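Got your viewer open and a selection box ready? Here is a walk through the model, one stop at a time.

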Amino acid sequence: MSKSVLIADDEPNIVISLEFLLEQAGYQVRVAHDGQEALEAIQRQPPDLLLLDVMLPRLSGFDVCQKIRENPAWQPMRIVMLTAKGREVEVSKGLALGADAYITKPFSTQELLAQVRDLLADR
Amino acid sequence: MRPWSVFALQLAALCALLGGLLGLVGLPLWLDLAAAERELLQALLVGRGALLAVLGLLLLALLGALLRLWRSAYPAAAKRLEEEVGIIHRVNPQHRVAIGGAKPMRRLGHALNDFAVAYDAQRQDVEGRIAQTNARLEQEKNRLAALMSELAQSVLVCNVEGRILLYNPQASQLLEGREAGAVGLGRSLFGILDQRLIAHGLDKLRQGLEQGASPVAHFVTARATQLLRARMVPVLGQPGELLGFVLILEDVTHSVELASRREHLLRQLTEGSRAALANIRAAAETLQQYPEMDATHRQRFGEVIRDEAERLSLSLEQGLARHGDQPGGQWPLEEMLASDLLCALQRNFSTTLGLSVRCQDSGEPLWLSLDSYSLVQALTQVMDALAVACAIHEVDLELSTVGRFARLALCWAGEPLEPGLLHQWEERALSLGGADPAGCTLKDLLERHGGELWCQADRAGGRNRLFLQLPITLPHPVAPAPALQGRPVYYDFDLFSQPGQTPELDERPLRELAYTVFDTETTGLAPSEGDEIISIGAVRIVNARLLKQECFEQLVDPRRPIPRASQQVHGLSPQMLAGQPTIERVLPLFQRFAEDTVLVAHNAAFDMRFLQLKEAQTGIRFIQPVLDTLLLSALVHPGHAADEHRLEQIAARLGVSVIGRHTALGDAMVTGEVFLKLIPLLAERGIHTLKQAREASRKTLYAKLEY
């Protein structure tokens with residue numbers, strides 16, 4: 001069975017690329033457009049990996065990350081945070097909140113895919 | 001005891017003495033007489049009672065007159081001498097005693113005057129030497145004052161209670177704003193800056209001292225619209241003992257604003273671009289990785305790239321439009337009116353190049369940020385080349401505004417300029433003299449100013465123009481430096497030892513208090529009949545020093561006619577008072593000036609009456625203690641008659657030179673100096689504290705004077 005990935009990002013222009021690339025790589029891909037929607041999607045069915053943008057409407061990426069890590073049932077889920085800010089304090093905050101990787105925009109899609117692959121291969 | 005009761009007592013004693021003597025002689029005589037002789041004497045006296053009474057009264061009058069003569073010759077003269085010797089000794093060594101009274105008293109007077117001359121000579125010798133030392137000290141103080149006033153920063157020195165001991169003009173300019181007089185010697189810093197900040201700073205300094213470091217405290221505070229950066233440095237006495245602090249203030253409002261705008265721009269250009277770049281890159285990489293992608297997907301990715309690239313351009317434009325008008329950065333640019341630049345160019349073109357130059361100026365004040373010397377020199381060189389290239393003898397200078405830019409045009413008839421030539425000139429190194437870095441080109445100069453240069457030919461009209469466009473800036477108002485008269489008294493280190501000023505002023509020695517000495521000029525002498533204040537003058541005394549620079553002077557529109565007789569006294573005409581503020585606006589300012597001080601005036605009851613009559617109308621009450629130099633003078637010199645306690649007489653007696661009499665400020669200054677001379681004389685009479693001075697004043701005869 002193929003691994004599932006949830007993309008939580010409000011910018012359709014990045015979602016389109018990520019969705020296309022991940023599908024091509026053989027993952028089951030779902031998309032959420034804000035933090036709240038992401039949480040609901042996880043509650044319905046937790047994905048193996050979450051690609052989480054920091055700047056989300058309604059509920060920020062940090063909040064989503066925190067809620068996931070508070071729930072023991074979701075501990076196995078991998079979280080990769082995406083941000084357009086990339087200041088060091090934010091990186092360390094994201095990692096402290098339980099993100100597995102922190103990627104600053106702009107990024108290489110190849111590296112992102114490699115990171116996703118590595119994280120899912122660990123399991 | 002009053003003089004006349006002393007006189008009556010003495011007269012009664014004299015009569016009693018005479019009666020006693022008469023009895024002493026009469027009694028043995030009477031006892032010796034035979035009965036017949038006694039009858040004869042009785043017969044002689046009976047029926048002559050009236051005559052005897054008259055004779056008795058005559059004798060009494062004679063005795064009275066003699067007593068008066070004796071009194072003025074001896075005790076009164078002695079009392080006067082005593083007072084005048086006191087004046088020589090303590091106040092005015094040039095004073096000489098008046099010669100009067102009986103011959104021995106006159107001889108004593110001469111002897112005292114001779115002694116005074118010798119004493120004065122000796123004193124002058126000592127004072128001369130003291131003056132020499134003081135002059136040296138003063139020179140050093142002057143150097144300090146000059147240094148302080150030349151500093152660009154605002155500097156205040158305060159004691160640990162926050163009283164200002166020293167400040168420079170920059171500090172008063174920075175902190176006063178609308179409120180004149182907020183910064184002054186002995187005034188509290190806490191009225192200006194937040195007390196908690198200063199206390200926190202002091203704590204930090206103390207901590208640092210305990211750890212044996214040389215501590216400095218920093219803080220930033222907002223004051224109205226200003227943002228101030230402060231540096232606090234300790235002033236130390238004994239090792240480790242904190243006497244006070246030096247506060248160095250800097251107005252960082254503008255630089256902080258500029259820095260935050262730069263920061264904002266930078267963040268907008270970096271973080272704002274990250275997301276867009278990520279989107280473009282992801283889309284581009286996807287396209288590249290899957291060349292066999294279907295057409296719909298291919299088009300969608302293409303749209304993403306175009307969309308994001310457009311967003312990126314737009315954000316760049318917006319960022320520059322909002323923040324890109326800050327030319328120069330580190331380069332020193334000064335603010336200048338565009339019309340002034342035009343004038344400078346006109347002058348330079350006609351004197352150095354011999355051109356005929358006309359100026360067209362819209363007259364609208366346009367401010368530019370310029371390195372005016374370099375720009376004028378560079379444009380003159382361009383004009384020189386232009387005149388040669390296009391055979392120009394006449395040129396028009398035109399100034400116009402286009403959006404946020406000022407556009408300056410050099411306009412000429414005849415040959416147009418080849419754009420290629422202009423580009424060559426832009427790249428050519430300028431020769432601007434020593435001030436400019438070598439190899440600076442016109443292009444560099446323009447870039448530094450955020451300016452552009454181009455030429456345009458209007459072939460139909462036969463007019464050619466060379467345009468210079470520069471961004472318009474908003475000027476920052478620079479407050480004019482206050483005009484200072486004489487050497488400023490900006491420091492008073494004696495305040496270091498002054499404890500905080502408390503409401504219990506009464507027990508404090510007179511020498512240590514802060515005073516506001518004031519005087520008013522009025523339309524007449526009857527405040528209850530509608531006379532009004534037309535001028536208030538006041539000066540401060542702190543630590544027994546008259547601070548001539550810290551004065552208050554304000555004319556007041558009385559809103560009533562001014563009688564001619566009073567005009568002759570104070571010389572203020574209705575024209576001079578027209579347009580001055582009214583008393584309702586002046587009293588709050590005066591109250592602020594006199595805050596926390598004891599009021600002093602000559603014949604204070606008169607001035608206070610005027611102020612009290614305005615209480616209901618203005619709601620301003622002067623509740624601080626009041627001292628009256630008239631009463632104090634009467635207190636120290638009771639032997640002088642009432643008319644010898646007028647301000648001029650007292651001033652002359654105490655060796656105070658009188659200038660500017662009958663202007664409110666002039667009189668206040670004289671009163672202040674008189675008051676300072678009275679303090680040691682009061683001490684001589686056991687009057688040391690404010691309470692003692694007020695109680696003694698109340699008891700003097702003049703206190704009954706009513707207005």
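One cut-off before we start: a residue is called buried if 20 or more other C-beta atoms lie within 10 Å of its own, exposed if 12 or fewer, and partly exposed in between. Keep in mind that this is a predicted model.

**Stop 1: two backbone oddities in chain B**

Select B:A544. Buried, exposed or in between? Since 16 other C-beta atoms lie within 10 Å, B:A544 is partly exposed. You'll find B:A544 in the loop between β14 (533-542) and β15 (545-555) of chain B. Check its backbone too: phi of B:A544 is near 55°, a positive value in a residue other than glycine.

Now jump to B:D596, in the loop between α16 (583-594) and β16 (598-601) of chain B. Phi is positive here as well, near 65°, and B:D596 is not a glycine either. B:D596 counts as partly exposed because it has 14 C-beta neighbours inside 10 Å.

**Stop 2: the big core**

Select B:V517, B:I536, B:A538 and B:V539. Of the 81 residues in the largest nonpolar core, these touch the most other members. Then color helix α21 (residues 664-684) of chain B, which supplies the largest share of this core, eleven residues.

Zoom in on B:I536 and show what is around it. Leaving aside neighbours within four places in sequence, B:I536 is in contact with B:F518, B:T520, B:F552, B:Q554, B:V556, B:V586, B:F590 and B:A664. There is also a second, separate core, with 42 residues, including A:I16, A:L51, A:L52 and A:V54. As background, nonpolar side chains tend to be buried together in soluble globular proteins.

**Stop 3: a helix with a buried face**

Select helix α4 (residues 75-90) of chain B. At 1.5 Å a residue, its 16 residues should span 22 Å, and the end C-alpha atoms are 22 Å apart, so the two agree. Which residues of α4(B) are buried? Pick out B:A77, B:R80, B:L81, B:E84 and B:I87. Look down the axis of α4(B): the buried residues fall within an arc of 120°, so they line one face of the helix. Turn on α3 (49-73), α5 (103-150) and α20 (647-653) of chain B to see some of what covers them.

**Stop 4: a pair far apart in sequence**

Select B:L265, in helix α8 (residues 253-289) of chain B. With 17 other C-beta atoms within 10 Å, B:L265 is partly exposed. Add B:G319 and draw a C-alpha to C-alpha distance: 6.1 Å in space, for residues 54 apart in sequence.

**Stop 5: chain A**

Hide chain B and color chain A by secondary structure. You should count five helices and five strands, running β-α-β-α-β-α-β-α-β-α from the N terminus on. Buried residues make up 38% of the 123 residues in chain A. Among contacts in chain A between residues at least 6 apart in sequence, 61% join residues at least 24 apart.

Next, select A:K105 and A:P106. A cis peptide bond joins them, with omega about -10°. A:P106 sits in the loop between β5 (101-104) and α5 (109-121) of chain A.

**Stop 6: where the chains meet**

Bring chain B back. How many residues of each chain are in contact with the other? There are 16 residues of chain A in contact with 17 residues of chain B. Helix α1 (residues 12-24) of chain A gives the most to the chain A side, with eight residues. Color that side by class and you get eight nonpolar, five polar and three charged residues.

Definitions and conventions: Residues are numbered from 1 along each chain as its sequence is written. Chains are lettered from A and ligands numbered from 1 in the order in which they are written. This is a predicted model: local features need pLDDT of at least 70, side-chain atom pairs count only at pLDDT 80 or more; totals for chains, interfaces and linings use all residues. Helices (H or I, at least four residues) and strands (E, at least two) are DSSP runs, numbered from the N terminus. The expected span of a helix is 1.5 Å times one less than its number of residues. The arc is that of the directions from the helix axis to the C-beta atoms. Two residues are in contact if their C-beta atoms, placed from the backbone, lie within 7 Å. Ala, Val, Leu, Ile, Met, Phe, Trp, Tyr, Cys and Pro count as nonpolar, Asp, Glu, Lys and Arg as charged, and the others, Gly among them, as polar. A nonpolar core is a set of buried Ala, Val, Leu, Ile, Met, Phe, Trp, Tyr and Cys residues joined through C-beta atoms within 7 Å.
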